Amino acid sequence: MELLALPPAAAAGCAAAYVVYRARREADSGKDAPTTPWPDFFIGAHAQVMGWTVATGDAARFKTCFPSLRVVSP
């Protein structure tokens, strides 16, 4: 395993996806989302910037938040 730093370019993608998620959650359920993005948003943004594929059991969230991201789900 190799630990990689989060590229600064991923910050904008993470923030943009999280803003959309928070707005959608509030509109759909009337509930506030946490003020700090979940790790999935950082993972998705990092993968998108690097051109990687994400393997996840929650493909719907990744595909909704990061439409251009390649996602593999069992």
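Here are a few friendly questions and answers about this predicted model.

Q: Which helix gives the largest share of the largest nonpolar core?
A: The largest nonpolar core has 16 residues, and Tyr21, Phe41, Phe62, Cys65, Phe66 and Leu69 touch the most other members. Two or more residues come from each of helix H1 (9–29), helix H2 (39–50) and helix H3 (59–65). The largest share, 5 residues, belongs to H1.

Q: Is Phe66 buried or exposed?
A: Let's start with its place: Phe66 lies in the loop between H3 and strand E2 (70–72). Setting aside neighbours within four places in sequence, Phe66 is in contact with Gly13, Ala17, Asp40, Phe41, Gly44, Ala45 and Gln48. Buried means under 20% relative accessible area. Because its relative accessibility is 3%, Phe66 counts as buried.

Q: How far apart in space are Phe66 and Asp28, C-alpha to C-alpha?
A: In sequence, Phe66 and Asp28 are 38 residues apart. In space, their C-alpha to C-alpha distance is 19 Å.

Q: Is Met50 buried, exposed or partly exposed?
A: Met50 sits in helix H2. With Leu4, Val49 and Trp52, Met50 forms a nonpolar patch on the surface, and together they have about 350 Å² of accessible area. The partly exposed class lies between under 20% and over 50%. Because its relative accessible area is 41%, Met50 is partly exposed.

Q: Which residue of that surface patch does Leu69 touch?
A: Not counting residues up to four places away in sequence, Leu69 touches Gly44, Ala47, Gln48, Trp52, Val54 and Phe62. The patch consists of Leu4, Val49, Met50 and Trp52. The name found in both lists is Trp52.

Conventions
Residues are numbered from 1 along each chain as its sequence is written. This is a predicted model: local features need pLDDT of at least 70, side-chain atom pairs count only at pLDDT 80 or more; totals for chains, interfaces and linings use all residues. Side-chain values use heavy atoms; hydrogens and water are left out. A nonpolar core is a set of buried Ala, Val, Leu, Ile, Met, Phe, Trp, Tyr and Cys residues joined through side-chain atoms within 4.5 Å. Buried means under 20% relative accessible area, exposed over 50%, partly exposed in between (1.4 Å probe, protein chains only). Helices (H or I, at least four residues) and strands (E, at least two) are DSSP runs, numbered from the N terminus. Contact means heavy atoms within 4.5 Å. Patches are made of residues with over 30% relative accessible area and no salt bridge: like charges are joined within 9 Å, nonpolar side chains (Val, Leu, Ile, Met, Phe, Trp, Tyr) within 5 Å. Accessible areas come from the Shrake-Rupley method with a 1.4 Å probe; for residues, only the protein chains shown count as cover. A salt bridge is a side-chain nitrogen of Lys or Arg within 4 Å of a carboxyl oxygen of Asp or Glu.
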